[in-house]
Amino acid sequence: MAAINGAPKSKATTYAARLKTGRALALDVWSIFNQANLPADCINLGQGYMNFPPPQWVTDAASEALSTVAANHYSHPRGRVRLREAIKNYYEPLLARPLDPNSEILVSSGANEGQYSVFTAFLNPGDEVIMFEPFFDQYLPSVTFNGGTPVYVPLHPPPAAQAKTTSNDWTIDFDELRRSITPRCKMIILNTPHNPVGKVFTRTELEGIAALAEEFDLMVMSDEVYESLVFDGKEHVRFATLPRMWERTVTVGSAGKMFAATGWRVGWLIGPESIIGPTLAAQTRIVFCTNSPLQEAAAAGLEQAAARNYFATEVADYAERRQIIVDAFDSLGLKYTLPEGTYFILLDISDFDLPEGYPYPETVAGRGRDFKFGWVMAQEVGVSAIPVSEFYCEEHGNIGEKFIRFAFCKDVGTLRQAAVKLAGLKKLLKKNRA
Ligand SMILES: Cc1ncc(COP(=O)(O)O)c(C=O)c1O
């Protein structure tokens, strides 16, 4: 995706210094573990996109919108009235407060662009932004392009000896978090449910973050794009509902995640006018407005979800998908992090050997153990996953290197085929593993 070929030849084509920040020019993991570089029959459980369509009643709403005149033209920069009304009606009970669709809701071109616009609106050069590792990779360039300085705070995995692990066992060291807050700190990015760990932060953990946000007067970007994917009856606590947090929190949502429509690029931000207003000013200059017909479709999705029992059905479907991968891992006695939310699952790869003298491509040879394992697995087992060190800063990469991430947002048939292939992991297991 990123890497630019050839050095700039003149002032005219010398690119901006910001492109050298935030790993924007590094060859990214998605390009390395790309279908084109992997064996033709390799099953791709790497990138988190679905291989099934959105629900028919949502795509029908998209078609309907396309056949109207208005929905083929510019929308209001805040988002279409129908979608803002739908967001208001859907979230008011969840956030336990009235929402003003004219000042507290902003539709964006995917969650990603909404987040970028918040950074544009609120970061001054040198402002620090805390992100918990592993972090969604887009945060990093979005922060640095806007002059921010990332500050990394790792989530700590459970001890290697622990046999059964859930995402709840990945924890924040609150002393470490406190120490990472300097006078330049402006914002904390929180992501619950968390990509790639699958962690659904507990109320106690969120209260700990809230106390620090209040003490140091920080904004909190609460990325809740996986809000509808929480398993086993676990509670998804919305950060903005904690006492006194509404005023300093922007909540991030995504129609792409909710309705299996990641290519639509429709997301939203919810927060007080003091956050949404400046963000609207930034976003209007970045994209002006979000694509119109798919806003109508997202609105239909939110409007009809309850009557169709859509989200409960979706969670049950994802729980079934998760179970297929879990069963495949259990049948080999592998260590993994059982996710309480999202569609990602981390496999602990410390029980595997890397074959000696394996012919790695240049893009993988100099990288961590997880890159190498991911490569061998794709070639020898026929399933691809994503190395987790990519979601860490260099200093903490050794934590991520012990894991690879599988995305189970695929149809059951594909996951069953993957499970059969994953039995082939046996041949890579250490002979004398504990
Ligand atoms: C944690 C997290 N936040 C934001 C996004 C971006 O969402 P969207 O596709 O709506 O831009 C993703 C997508 O993978 C994600 O994992």
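The exercises below walk through a predicted model of one protein chain, each with a worked solution.

Residues are numbered from 1 along each chain as its sequence is written. In this predicted model, local features need pLDDT of at least 70 and side-chain atom pairs count only at pLDDT 80 or more, while totals for chains, interfaces and linings use all residues.

**Exercise 1. Describe the overall build of the protein chain.**

Step 1. Start with the elements. The protein chain holds 15 helices and 14 strands. Helices (H or I, at least four residues) and strands (E, at least two) are DSSP runs, numbered from the N terminus.

Step 2. Turn to size. The C-alpha trace spans about 60 × 50 × 50 Å along its principal axes. The radius of gyration is 22 Å, which agrees with the value near 22 Å for a compact globule of 434 residues. That radius is taken over C-alpha atoms, and the globule rule is 2.2 Å times the number of residues to the power 0.38.

Step 3. Check the burial. Of the 434 residues, 45% are buried. Buried means that 20 or more other C-beta atoms, placed from the backbone, lie within 10 Å of the residue's own; exposed means 12 or fewer, with partly exposed in between.

**Exercise 2. Work out the order and edges of the 7-strand sheet.**

Step 1. Write the order. This open sheet runs β2-β9-β8-β7-β6-β3-β4, with mixed pairing. Two strands pair if DSSP finds at least two bridges between them.

Step 2. Find the edges. β2 (105-108) and β4 (149-154) each have a single partner strand, so one side of each lacks a neighbour in the sheet.

Step 3. Add the twist. Neighbouring strands are turned by 20° against each other on average, direction ignored.

Step 4. Place a helix. α9 (residues 273-286) packs on the sheet and touches β2, β8 (249-254) and β9 (267-270). Its direction makes about 30° with that of β2. Contact means C-beta atoms, placed from the backbone, within 7 Å. Axes are lines fitted to C-alpha atoms, for helices over the stretch in contact, and angles run from 0 to 180 degrees between N-to-C directions.

Step 5. Look at one pair. β3 (residues 128-133) and β4 are parallel over 6 bridges. Met131 has Tyr152 in β4 as its bridge partner.

**Exercise 3. Explain why strand β7 counts as enclosed, and sort its residues by direction.**

Step 1. Count. In β7 (residues 219-223), 5 of the 5 residues are buried, so the strand is largely enclosed by the rest of the structure.

Step 2. Recall the rule. In a regular strand the side chains alternate between the two faces of the sheet.

Step 3. Sort. Met219, Met221 and Asp223 point one way, and Val220 and Ser222 the other.

Step 4. Find a partner. β6 (residues 185-191) pairs with β7 in the parallel sense over 5 bridges. Ile189 is bridged to Met221 in β7.

**Exercise 4. Describe the 5-strand sheet and the helix across it.**

Step 1. The order is β5-β10-β11-β14-β13, again open and mixed. β5 (165-166) and β13 (386-387) are its edge strands, each pairing on one side only.

Step 2. β10 (residues 336-338) and β11 (residues 344-348) run antiparallel, joined by 2 bridges. Thr337 has Leu346 in β11 as its bridge partner.

Step 3. Helix α11 (residues 310-331) lies across β10, β11 and β14 (403-407), at about 10° to β11.

**Exercise 5. Find how much of helix α4 is covered.**

Step 1. α4 covers residues 110-122. Of its 13 residues, 10 are buried.

Step 2. Among the buried ones are Gly110, Tyr116 and Phe122.

Definitions and conventions:
Two residues are in contact if their C-beta atoms, placed from the backbone, lie within 7 Å. The expected span of a helix is 1.5 Å times one less than its number of residues.
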